[in-house]
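The exercises below ask you to read a fold and an interface from computed values. Work through each task before turning to its solution.

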Protein chains: 2
Amino acid sequence: MTIFIDMDEVIADTYGMHLELYNKEFNANLTLEECSGSEIYDMVPENCLPNVRKHVWTDGFFRGLKPLKDSQEVVKQLFDKHDVYIASAAMQFPNSLLEKSEWLDEHFPFITWERRILCGHKHVLKGDVLIDDRSFNLEPFEGRSIMFSSPHNHNVNKFERVNSWKEVADLLL
Amino acid sequence: MTIFIDMDEVIADTYGMHLELYNKEFNANLTLEECSGSEIYDMVPENCLPNVRKHVWTDGFFRGLKPLKDSQEVVKQLFDKHDVYIASAAMQFPNSLLEKSEWLDEHFPFITWERRILCGHKHVLKGDVLIDDRSFNLEPFEGRSIMFSSPHNHNVNKFERVNSWKEVADLLL
(Lines give C-alpha, C1' and ligand atoms only; values in the text may rest on other atoms or scores of the structure.)
Protein backbone atom coordinates (compact mmCIF):
# COMPACT_ATOMS: atom_id res chain seq x y z
CA MET A 1 0.00 0.00 0.00
CA THR A 2 1.37 3.42 -0.99
CA ILE A 3 0.69 6.18 1.56
CA PHE A 4 1.42 9.88 0.99
CA ILE A 5 1.78 12.04 4.09
CA ASP A 6 1.75 15.81 3.98
CA MET A 7 4.16 17.86 6.11
CA ASP A 8 2.73 21.20 7.31
CA GLU A 9 -0.01 20.67 9.91
CA VAL A 10 0.17 16.90 9.49
CA ILE A 11 3.61 15.96 10.81
CA ALA A 12 4.94 19.50 11.40
CA ASP A 13 3.24 21.96 13.74
CA THR A 14 3.03 24.96 11.42
CA TYR A 15 -0.06 26.48 13.04
CA GLY A 16 1.53 26.20 16.47
CA MET A 17 4.62 28.05 15.26
CA HIS A 18 2.49 30.81 13.74
CA LEU A 19 0.77 31.26 17.10
CA GLU A 20 4.03 31.17 19.06
CA LEU A 21 5.58 33.86 16.83
CA TYR A 22 2.44 36.02 16.73
CA ASN A 23 1.95 35.89 20.50
CA LYS A 24 5.58 36.83 21.06
CA GLU A 25 5.67 39.60 18.43
CA PHE A 26 2.45 41.23 19.60
CA ASN A 27 2.37 40.20 23.24
CA ALA A 28 -0.87 38.32 22.59
CA ASN A 29 -2.42 35.14 23.97
CA LEU A 30 -4.16 33.58 21.02
CA THR A 31 -4.71 29.82 21.47
CA LEU A 32 -5.18 26.92 19.05
CA GLU A 33 -8.68 26.37 20.49
CA GLU A 34 -9.77 29.91 19.67
CA CYS A 35 -8.59 29.39 16.08
CA SER A 36 -10.93 26.45 15.45
CA GLY A 37 -12.43 26.79 11.98
CA SER A 38 -10.15 29.61 10.86
CA GLU A 39 -6.89 30.28 9.10
CA ILE A 40 -4.31 32.08 11.24
CA TYR A 41 -4.59 34.99 8.79
CA ASP A 42 -8.25 35.43 9.71
CA MET A 43 -7.56 35.35 13.44
CA VAL A 44 -5.10 38.21 13.86
CA PRO A 45 -5.94 41.93 13.77
CA GLU A 46 -5.40 43.58 10.40
CA ASN A 47 -2.43 45.63 11.57
CA CYS A 48 -0.60 42.39 12.49
CA LEU A 49 -1.31 40.65 9.21
CA PRO A 50 1.76 41.82 7.23
CA ASN A 51 4.01 40.41 9.98
CA VAL A 52 2.16 37.12 10.22
CA ARG A 53 2.22 36.73 6.44
CA LYS A 54 5.99 37.09 6.56
CA HIS A 55 6.46 34.08 8.88
CA VAL A 56 6.61 31.47 6.11
CA TRP A 57 9.16 33.56 4.21
CA THR A 58 11.46 33.89 7.21
CA ASP A 59 14.68 31.89 7.32
CA GLY A 60 14.40 29.10 9.86
CA PHE A 61 10.58 29.05 10.07
CA PHE A 62 10.17 25.59 8.53
CA ARG A 63 13.43 24.24 9.99
CA GLY A 64 12.27 25.05 13.52
CA LEU A 65 8.81 23.46 13.45
CA LYS A 66 8.02 20.86 16.11
CA PRO A 67 6.92 17.41 14.97
CA LEU A 68 3.25 16.88 15.80
CA LYS A 69 2.49 14.57 18.74
CA ASP A 70 3.13 10.86 18.03
CA SER A 71 3.86 11.54 14.35
CA GLN A 72 7.40 10.16 14.47
CA GLU A 73 6.43 6.87 16.11
CA VAL A 74 3.35 6.20 13.99
CA VAL A 75 4.93 7.21 10.67
CA LYS A 76 7.82 4.84 11.49
CA GLN A 77 5.37 2.01 12.12
CA LEU A 78 3.54 2.79 8.88
CA PHE A 79 6.89 2.96 7.08
CA ASP A 80 7.82 -0.53 8.29
CA LYS A 81 4.59 -1.97 6.89
CA HIS A 82 3.78 0.15 3.82
CA ASP A 83 5.34 2.29 1.08
CA VAL A 84 5.32 5.64 2.83
CA TYR A 85 6.15 8.91 1.07
CA ILE A 86 6.26 12.42 2.45
CA ALA A 87 4.60 14.81 -0.02
CA SER A 88 4.67 18.54 0.65
CA ALA A 89 3.49 21.35 -1.63
CA ALA A 90 6.72 23.13 -0.81
CA MET A 91 7.48 24.55 -4.25
CA GLN A 92 5.37 27.58 -3.35
CA PHE A 93 8.06 28.51 -0.82
CA PRO A 94 11.48 27.97 -2.41
CA ASN A 95 13.06 29.13 0.86
CA SER A 96 11.53 26.09 2.56
CA LEU A 97 13.02 23.43 0.29
CA LEU A 98 16.37 22.87 1.97
CA GLU A 99 14.84 23.46 5.40
CA LYS A 100 12.28 20.74 4.81
CA SER A 101 14.96 18.35 3.63
CA GLU A 102 17.03 19.04 6.74
CA TRP A 103 13.96 18.85 8.99
CA LEU A 104 13.20 15.38 7.66
CA ASP A 105 16.85 14.39 8.14
CA GLU A 106 16.51 15.32 11.80
CA HIS A 107 13.02 14.20 12.72
CA PHE A 108 12.22 11.46 10.17
CA PRO A 109 15.64 10.09 9.18
CA PHE A 110 14.13 6.79 8.00
CA ILE A 111 12.33 8.73 5.24
CA THR A 112 15.31 8.81 2.88
CA TRP A 113 15.50 11.01 -0.22
CA GLU A 114 13.82 8.41 -2.43
CA ARG A 115 10.62 8.81 -0.40
CA ARG A 116 10.48 12.61 -0.31
CA ILE A 117 8.34 14.68 -2.68
CA LEU A 118 8.35 18.47 -2.75
CA CYS A 119 5.76 19.48 -5.26
CA GLY A 120 2.97 21.83 -6.25
CA HIS A 121 -0.24 20.13 -7.34
CA LYS A 122 -0.64 16.78 -5.63
CA HIS A 123 -3.14 15.36 -8.10
CA VAL A 124 -0.29 13.83 -10.10
CA LEU A 125 0.45 11.43 -7.23
CA LYS A 126 -0.55 7.81 -7.71
CA GLY A 127 -1.17 5.80 -4.56
CA ASP A 128 -3.65 4.37 -2.11
CA VAL A 129 -3.84 6.84 0.77
CA LEU A 130 -3.25 10.58 1.15
CA ILE A 131 -3.15 12.09 4.64
CA ASP A 132 -3.40 15.87 4.28
CA ASP A 133 -4.98 18.89 5.95
CA ARG A 134 -6.14 20.66 2.78
CA SER A 135 -9.33 19.97 0.80
CA PHE A 136 -7.73 21.04 -2.48
CA ASN A 137 -5.16 18.27 -2.10
CA LEU A 138 -7.56 15.59 -0.83
CA GLU A 139 -10.34 16.23 -3.35
CA PRO A 140 -8.60 15.24 -6.61
CA PHE A 141 -6.76 12.28 -5.05
CA GLU A 142 -7.98 9.01 -6.54
CA GLY A 143 -7.27 6.85 -3.52
CA ARG A 144 -8.44 7.11 0.07
CA SER A 145 -8.35 10.74 1.20
CA ILE A 146 -7.89 11.23 4.95
CA MET A 147 -8.13 14.71 6.41
CA PHE A 148 -5.77 15.35 9.31
CA SER A 149 -7.38 17.78 11.74
CA SER A 150 -5.93 21.25 11.90
CA PRO A 151 -7.65 24.33 13.33
CA HIS A 152 -8.28 25.71 9.86
CA ASN A 153 -10.18 22.62 8.62
CA HIS A 154 -12.41 21.92 11.65
CA ASN A 155 -15.56 22.82 9.73
CA VAL A 156 -14.85 20.66 6.68
CA ASN A 157 -17.01 17.53 6.55
CA LYS A 158 -16.24 16.09 3.15
CA PHE A 159 -13.54 13.61 4.12
CA GLU A 160 -12.72 10.76 6.44
CA ARG A 161 -11.08 12.56 9.36
CA VAL A 162 -8.37 11.78 11.91
CA ASN A 163 -7.72 13.97 14.94
CA SER A 164 -4.35 12.56 15.98
CA TRP A 165 -1.60 10.18 14.97
CA LYS A 166 -3.04 7.63 17.43
CA GLU A 167 -6.17 7.64 15.29
CA VAL A 168 -4.07 7.15 12.16
CA ALA A 169 -2.47 4.13 13.86
CA ASP A 170 -5.88 2.67 14.71
CA LEU A 171 -6.99 3.16 11.11
CA LEU A 172 -3.99 1.97 9.13
CA LEU A 173 -1.90 -0.32 11.33
CA MET B 1 -2.54 14.83 -21.57
CA THR B 2 -0.19 14.97 -18.57
CA ILE B 3 3.50 15.09 -19.48
CA PHE B 4 6.36 14.83 -16.97
CA ILE B 5 9.71 16.21 -18.08
CA ASP B 6 12.96 15.48 -16.25
CA MET B 7 15.55 18.22 -15.69
CA ASP B 8 19.16 16.97 -15.73
CA GLU B 9 20.21 15.90 -19.22
CA VAL B 10 16.72 16.50 -20.58
CA ILE B 11 16.24 20.27 -20.31
CA ALA B 12 19.48 21.08 -18.43
CA ASP B 13 22.92 20.28 -19.85
CA THR B 14 24.41 18.49 -16.84
CA TYR B 15 26.78 16.30 -18.84
CA GLY B 16 28.09 19.34 -20.70
CA MET B 17 28.81 21.14 -17.44
CA HIS B 18 30.66 18.11 -16.07
CA LEU B 19 32.84 18.11 -19.18
CA GLU B 20 33.44 21.86 -19.07
CA LEU B 21 34.54 21.71 -15.42
CA TYR B 22 36.63 18.57 -15.86
CA ASN B 23 38.41 19.92 -18.94
CA LYS B 24 39.18 23.15 -17.13
CA GLU B 25 40.30 21.52 -13.87
CA PHE B 26 42.56 19.01 -15.54
CA ASN B 27 43.46 20.82 -18.74
CA ALA B 28 41.81 18.02 -20.72
CA ASN B 29 39.85 17.88 -23.99
CA LEU B 30 37.22 15.24 -23.39
CA THR B 31 34.23 15.64 -25.75
CA LEU B 32 30.57 14.59 -25.54
CA GLU B 33 31.11 12.34 -28.58
CA GLU B 34 33.90 10.40 -26.86
CA CYS B 35 31.59 9.83 -23.89
CA SER B 36 28.94 8.00 -25.94
CA GLY B 37 27.66 5.04 -23.96
CA SER B 38 29.36 6.00 -20.70
CA GLU B 39 28.78 7.90 -17.49
CA ILE B 40 31.15 10.81 -16.97
CA TYR B 41 32.50 8.94 -13.95
CA ASP B 42 33.67 6.12 -16.21
CA MET B 43 35.37 8.48 -18.65
CA VAL B 44 37.83 10.30 -16.43
CA PRO B 45 41.09 8.89 -15.03
CA GLU B 46 40.82 7.49 -11.52
CA ASN B 47 42.89 10.28 -9.96
CA CYS B 48 40.36 12.84 -11.26
CA LEU B 49 37.32 10.99 -10.01
CA PRO B 50 37.08 12.54 -6.52
CA ASN B 51 37.01 16.01 -8.09
CA VAL B 52 34.44 15.09 -10.71
CA ARG B 53 32.26 13.44 -8.09
CA LYS B 54 32.28 16.70 -6.15
CA HIS B 55 30.77 18.72 -9.04
CA VAL B 56 27.14 18.01 -8.14
CA TRP B 57 27.78 18.96 -4.51
CA THR B 58 29.32 22.30 -5.44
CA ASP B 59 27.34 25.50 -4.87
CA GLY B 60 26.21 26.92 -8.19
CA PHE B 61 26.60 23.72 -10.24
CA PHE B 62 22.89 23.22 -10.92
CA ARG B 63 22.14 26.95 -11.02
CA GLY B 64 24.66 27.46 -13.82
CA LEU B 65 23.56 24.72 -16.21
CA LYS B 66 22.68 25.73 -19.75
CA PRO B 67 19.23 24.84 -21.07
CA LEU B 68 19.51 22.14 -23.72
CA LYS B 69 19.01 23.24 -27.32
CA ASP B 70 15.40 24.09 -28.24
CA SER B 71 14.12 22.90 -24.85
CA GLN B 72 12.66 26.26 -23.84
CA GLU B 73 10.69 26.76 -27.05
CA VAL B 74 9.36 23.21 -27.34
CA VAL B 75 8.47 22.85 -23.64
CA LYS B 76 6.55 26.14 -23.93
CA GLN B 77 4.63 24.81 -26.92
CA LEU B 78 3.88 21.58 -25.06
CA PHE B 79 2.83 23.60 -22.01
CA ASP B 80 0.33 25.58 -24.08
CA LYS B 81 -1.29 22.37 -25.29
CA HIS B 82 -0.90 19.87 -22.44
CA ASP B 83 -0.52 19.56 -18.65
CA VAL B 84 3.24 19.79 -18.39
CA TYR B 85 5.14 19.14 -15.17
CA ILE B 86 8.86 19.26 -14.50
CA ALA B 87 9.87 16.26 -12.38
CA SER B 88 13.42 16.00 -11.10
CA ALA B 89 14.85 13.42 -8.68
CA ALA B 90 16.51 16.30 -6.88
CA MET B 91 15.98 15.11 -3.30
CA GLN B 92 19.25 13.18 -3.59
CA PHE B 93 21.04 16.53 -3.70
CA PRO B 94 19.48 18.86 -1.11
CA ASN B 95 21.96 21.54 -2.21
CA SER B 96 20.28 21.53 -5.63
CA LEU B 97 16.72 22.22 -4.45
CA LEU B 98 16.75 26.02 -4.31
CA GLU B 99 19.08 26.19 -7.32
CA LYS B 100 16.67 24.15 -9.41
CA SER B 101 13.77 26.35 -8.35
CA GLU B 102 15.71 29.49 -9.31
CA TRP B 103 16.91 27.90 -12.55
CA LEU B 104 13.32 27.21 -13.56
CA ASP B 105 12.36 30.77 -12.60
CA GLU B 106 14.99 32.02 -15.01
CA HIS B 107 14.79 29.61 -17.93
CA PHE B 108 11.24 28.21 -17.72
CA PRO B 109 9.26 30.95 -15.95
CA PHE B 110 5.95 29.66 -17.38
CA ILE B 111 6.46 26.48 -15.29
CA THR B 112 5.11 27.94 -12.06
CA TRP B 113 5.46 26.28 -8.66
CA GLU B 114 2.28 24.25 -9.08
CA ARG B 115 3.93 22.34 -11.96
CA ARG B 116 7.28 21.60 -10.31
CA ILE B 117 8.12 18.30 -8.64
CA LEU B 118 11.36 17.62 -6.83
CA CYS B 119 11.23 14.02 -5.77
CA GLY B 120 13.05 10.74 -5.32
CA HIS B 121 11.35 7.72 -6.87
CA LYS B 122 9.30 8.76 -9.88
CA HIS B 123 7.08 5.68 -9.96
CA VAL B 124 4.52 7.49 -7.79
CA LEU B 125 3.78 9.87 -10.67
CA LYS B 126 0.49 9.40 -12.51
CA GLY B 127 0.36 10.70 -16.05
CA ASP B 128 0.53 9.94 -19.75
CA VAL B 129 4.10 10.68 -20.81
CA LEU B 130 7.47 10.73 -19.06
CA ILE B 131 10.49 12.18 -20.87
CA ASP B 132 13.61 11.15 -18.98
CA ASP B 133 17.19 10.04 -19.56
CA ARG B 134 17.26 7.24 -16.97
CA SER B 135 16.00 3.68 -17.40
CA PHE B 136 15.17 3.35 -13.71
CA ASN B 137 12.74 6.23 -14.02
CA LEU B 138 11.24 5.21 -17.36
CA GLU B 139 10.82 1.52 -16.57
CA PRO B 140 8.20 1.65 -13.79
CA PHE B 141 6.24 4.50 -15.40
CA GLU B 142 2.78 3.31 -16.44
CA GLY B 143 2.31 5.71 -19.35
CA ARG B 144 4.42 6.31 -22.45
CA SER B 145 8.11 6.31 -21.52
CA ILE B 146 10.32 8.36 -23.82
CA MET B 147 14.09 8.24 -23.41
CA PHE B 148 15.84 11.53 -24.07
CA SER B 149 19.27 10.84 -25.52
CA SER B 150 22.23 11.58 -23.30
CA PRO B 151 25.75 10.23 -23.77
CA HIS B 152 25.31 7.82 -20.87
CA ASN B 153 22.20 6.13 -22.34
CA HIS B 154 23.27 5.73 -25.99
CA ASN B 155 23.40 1.95 -25.68
CA VAL B 156 19.98 1.50 -24.08
CA ASN B 157 17.40 0.12 -26.51
CA LYS B 158 14.42 -0.57 -24.30
CA PHE B 159 12.49 2.67 -24.87
CA GLU B 160 11.08 4.95 -27.50
CA ARG B 161 13.91 7.45 -28.02
CA VAL B 162 14.23 11.11 -28.94
CA ASN B 163 17.56 12.71 -29.81
CA SER B 164 16.55 16.36 -29.59
CA TRP B 165 13.73 18.69 -28.61
CA LYS B 166 12.87 19.04 -32.31
CA GLU B 167 12.11 15.31 -32.27
CA VAL B 168 9.95 15.76 -29.16
CA ALA B 169 8.03 18.46 -31.03
CA ASP B 170 7.49 16.15 -34.01
CA LEU B 171 6.26 13.43 -31.68
CA LEU B 172 3.98 15.31 -29.31
CA LEU B 173 2.88 18.54 -30.98
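**Exercise 1.** Determine what share of the contacts in chain A with a separation of 6 or more comes from residues 24 or more positions apart, and set this beside the burial and the dimensions of the chain.

*Solution.* In this predicted model, residues 24 or more positions apart account for 65% of the contacts in chain A with a separation of 6 or more. The next step is burial, where 54% of the 173 residues of chain A count as buried. For the overall dimensions, a compact globule of 173 residues would have a radius of gyration near 16 Å, and the 16 Å of chain A agrees with that expectation. The C-alpha trace of chain A, taken along its principal axes, spans about 45 × 35 × 30 Å.

**Exercise 2.** List the order of the elements of chain A from the N terminus on, and describe its exposed area and its charged side chains.

*Solution.* Chain A contains 6 helices and 6 strands, and from the N terminus on these run β-α-α-α-β-α-β-β-α-β-β-α. Chain A exposes about 7,800 Å², of which carbon and sulfur atoms supply 49%. Its side chains include 18 positive and 29 negative ones, and the centres of these two sets lie 2 Å apart.

**Exercise 3.** Identify the operation that superposes chain B on chain A, and then examine the contact residues of the two copies.

*Solution.* Chain B is superposed on chain A by a rotation of 180 degrees with 0.0 Å of shift along the axis, at an RMSD of 0.0 Å. This is the relation of a two-fold axis. The same surface serves both copies, since 100% of the contact residues of chain B recur in chain A.

**Exercise 4.** Find which residues are buried in helix 4 (97-107) of chain A and in helix 5 (97-107) of chain B, and state what packs against them.

*Solution.* Begin with chain A, where the buried residues of helix 4 are A:Leu97, A:Glu99, A:Lys100, A:Ser101, A:Trp103, A:Leu104 and A:His107. These pack against helix 3 (71-81), strand 2 (83-88) and strand 3 of chain A, together with helix 5 and strand 3 of chain B. Turning to helix 5 of chain B, one finds B:Leu97, B:Glu99, B:Lys100, B:Ser101, B:Trp103, B:Leu104 and B:His107 buried. Their cover includes helix 4 and strand 3 (116-118) of chain A, as well as helix 4 (71-81), strand 2 (83-88) and strand 3 of chain B.

**Exercise 5.** Decide whether B:Phe110 counts as buried or exposed, and place it among its contacts.

*Solution.* B:Phe110 is found in the loop between helix 5 and strand 3 (116-118) of chain B. Its relative accessibility is 18%, and therefore B:Phe110 counts as buried, the cut-off being under 20%. Not counting residues up to four places away in sequence, B:Phe110 touches B:Gln72, B:Val75, B:Lys76 and B:Phe79. The C-alpha atoms of B:Phe110 and B:Asp80, which are 30 residues apart along the chain, are separated by 9.7 Å.

**Exercise 6.** Locate A:Asn27 and B:Asp70, and give the phi of each.

*Solution.* Most residues other than glycine have a negative phi. A:Asn27, although it is not a glycine, has a positive phi of about 50 degrees. A:Asn27 lies in the loop between helix 1 (14-26) and helix 2 (49-54) of chain A, and at 71% relative accessibility A:Asn27 counts as exposed. For B:Asp70, likewise a residue other than glycine, phi is positive and near 70 degrees; its place is in the loop between helix 3 (49-54) and helix 4 of chain B.

How values were computed:
Residues numbered from 1 in each chain as written. Chains lettered and ligands numbered in written order. Predicted model: local features only at pLDDT ≥ 70, side-chain atom pairs only at ≥ 80, totals over all residues. Heavy atoms only, no water. Least-squares fit on C-alpha atoms with pLDDT ≥ 70 in both. Contact = heavy atoms within 4.5 Å. Helix = DSSP H or I, 4+ residues; strand = E, 2+ residues; numbered from the N terminus. Rg over C-alpha atoms; globule rule 2.2 N^0.38 Å. Buried < 20%, exposed > 50% of the residue type's maximum accessible area, 1.4 Å probe, protein only. Areas by Shrake-Rupley, 256 points an atom, 1.4 Å probe, with all protein chains shown as cover. Lys, Arg positive; Asp, Glu negative; His and termini not counted. Charge placed at Lys NZ, Arg CZ, Asp CG, Glu CD.
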